[in-house]
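This report walks through a single protein chain, taking up a loop residue and its surroundings before turning to charged pairs, a pair of helices and some backbone details. Please keep the sequence and the structure in view while reading.

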Amino acid sequence: MRLRLAVLSDYDGVTWKVGGVYRNAGRVLPSPDVPGGTAVTETRQQITITGLTGRLLPAVPTPTRITGARVAYDPASGTLISPEGLTEGLHYTAISEVQNPDLNQLPIADVPSGDAVSRYLTISAGAPEQVQKLADYLAEGNGAPYDKAVAIETFLAEHYQHVADAPSGHAFPNLRHFLFGRRDIGGQKGTSEQFAAAYAVLARMTGLPSRVVVGFTAPAAGGAVTAGDALAWPEVYFDGLGWVAFDPMPKTDEVRPVEEDFTPPTPSPPPSQSEPPPPTATDSASAGPEIAAPPTAAGPSAVLVASGTSGGVLLLIFGAAGAVVGMRSSQRKRRLTGGSPGQRIAGAWLEFTDALRLAGRPVPAHLSATEAVRHAAVVPRPVQRTGLLRRAVPDQPEVDEPPLPGLDGLVDAVNTAGFAPEAADAGQAQVAGAQVVAYAAALRERRSWWRRFWWSVHPGPLRWNRKPAADPPR
């Protein structure tokens, strides 16, 4: 028996969202539409909430009466919420009408089109070409809607592995990695979330109105339901039958790699560029000026000795500063132009965090990429000192000061590289690097002249990340 928690009808290429409109309801809920020829069975459930948070209330679809809890109801999806939010020990009774359509009519059933179901057919811009080609491949030779639906279900069940603890995510990059990624780096494996989301996207691409449902499997005779029983599944709408659930999960542990039946086109690699190797830290450090020893024949005066010593110290200081500038320039070049797109994106992230650390506003380790960029959008000016007085500058920039450059491309690249490494491309790495360089330059320009100088010669970035670049937060 399945308990339905939420119906996700709207997809923007990043997130599946609840699209319901919930209105306060009494104990008796509006009767659901029942297609002609559909048998209906009434069932009663007594449900006690323990550990579940949020506002959505689980129930067997579709509830028609509720006692013991105040609810709001969305007739389009047949789902419930608790306006006050779920509380520990909440106990309620739900009476539901379970629809059992005549599945023998599926092979000849059609699917609706037009404005009435447009939300269930919408695919946002940016859908990967590989996914569209797979949808076209599965639709080829399958003219009837039910044949297309079964072809998608069978393909997913035969070629992909169910891994309960696989990373979550159903944005386009996640689905592309799930469908076409190499198995040795986590591709072609996923949770029921990826199976359901991939099915619904492929179904929409072939003209089938589809949605994702989230809920739990529960013992028919009653019993405990835990987080391990959570499940997502896809549904397709057929004329005269309503919403019909499909099961794209693998039926056995033996699955075939997707490459055996469908080989998606691979993007052409960017043209290689011949570049001289960047100078090493040793080469840069050894390029310092040589200091000639004073002649021993002539005895210089004390003033000349002191002057020569001071000049030597200054030359050493400027030589060391120049070496640091050169080493940091080489470091930036290696980070932003060397290696695979994923490595360059990780390098851009290090440049971003180094810039904030130089500005005195380091990125907390617990922040995601989106939160870190939000944290970086407002950077207070440094404290200015005048004699014994100390003037702190407000967190917000001055009115005539332009905002810092945006970093949306960096966030997009980091999320792609983190969730779907194979999907990261050279274009994303280039955009991320360019945005970080512009952001760091603008941030540096907000410093005083001597802080800008110290920014350029600070040796910290050379030692802050000596280990290989760790994956940035997603």
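Not counting residues up to four places away in sequence, L86 touches I49, L52, T53, G54, R55, L56 and L57. The model in which these contacts are seen is a predicted one. L86 itself is found in the loop between β8 (79-81) and β9 (91-100), and with a relative accessible area of 14% this leucine is buried, because buried means a relative accessible area under 20%. The C-alpha atoms of L86 and T50 are separated by 9.2 Å, although the two residues lie 36 residues apart along the chain.

## The chain as a whole

The secondary structure of the protein chain comes to 12 helices and 16 strands. Of its 474 residues, 41% count as buried. Among the contacts in the protein chain with a separation of 6 or more, 73% are accounted for by residues 24 or more positions apart.

A further pair of residues separated in sequence involves D412, which lies in helix α9 (residues 408-419). The C-alpha atoms of D412 and T370 are separated by 8.9 Å, with these positions 42 residues apart along the chain. D412 counts as partly exposed, at 42% relative accessibility.

## Salt bridges

How many salt bridges does the count come to? The count comes to 15 salt bridges, and three of the pairs are listed here with the distance from N to O.

| Pair | N to O distance |
|---|---|
| D184 and R182 | 3.0 Å |
| R211 and E235 | 2.9 Å |
| R444 and E445 | 3.5 Å |

The R211 and E235 side chains meet in a salt bridge. This pair links distant parts of the chain, since R211 belongs to strand β12 (residues 210-217) and E235 to strand β13 (residues 230-238), 24 residues apart. Both R211 and E235 are buried.

For the salt bridge between D184 and R182, the surroundings can be described residue by residue. D184 is exposed, with a relative accessible area of 57%, whereas R182 counts as partly exposed at 44% relative accessibility. In the salt bridge that R444 forms with E445, R444 is partly exposed, with a relative accessible area of 24%. Beyond these pairs, a network of salt bridges links E158, R256, E260 and D261.

## A buried arginine without a partner

Which side chain of opposite charge is nearest to R344? It is D425, at 8.5 Å, and R344 has no salt bridge although it is buried. A salt bridge requires a side-chain nitrogen of Lys or Arg within 4 Å of a carboxyl oxygen of Asp or Glu, so a separation of 8.5 Å does not qualify. R344 lies in helix α7 (residues 341-358). Leaving aside its neighbours within four places in sequence, this arginine is in contact with R335, L336, T337, G338, G339, A426, A429 and Q430.

## Helices α10 and α11

The axes of helix α10 (residues 426-445) and helix α11 (residues 449-457) come within 9 Å of each other and cross at roughly 140 degrees. The two helices, α10 and α11, are therefore oblique to each other. On the α10 side the contact is made by A440, L443, R444 and E445, which meet R452, F453, W455 and S456 in α11. The residues of this contact of α10 with α11 divide into four nonpolar, one polar and three charged. Both members of the R444 and E445 salt bridge thus appear among the α10 residues in the contact.

## Backbone details

Two places in the backbone deserve a separate look. A cis peptide bond joins P61 and T62, with omega at about 0 degrees, and T62 has its place in the loop between β5 (56-57) and β6 (63-67).

The other place is Q188, which has a positive phi of about 60 degrees although it is not a glycine. Is Q188 buried or exposed? Q188 is buried, with a relative accessible area of 1%, and it is found in the loop between α3 (172-180) and β11 (189-190).

Conventions. Residues numbered from 1 in each chain as written. Predicted model: local features only at pLDDT ≥ 70, side-chain atom pairs only at ≥ 80, totals over all residues. Heavy atoms only, no water. Buried < 20%, exposed > 50% of the residue type's maximum accessible area, 1.4 Å probe, protein only. Helix = DSSP H or I, 4+ residues; strand = E, 2+ residues; numbered from the N terminus. Axes fitted to C-alpha atoms, helices over the stretch in contact; angles between N-to-C directions. Parallel < 35°, antiparallel > 145°, perpendicular 65-115°, else oblique. Contact = heavy atoms within 4.5 Å. Nonpolar A, V, L, I, M, F, W, Y, C, P; charged D, E, K, R; others polar. Lys, Arg positive; Asp, Glu negative; His and termini not counted.
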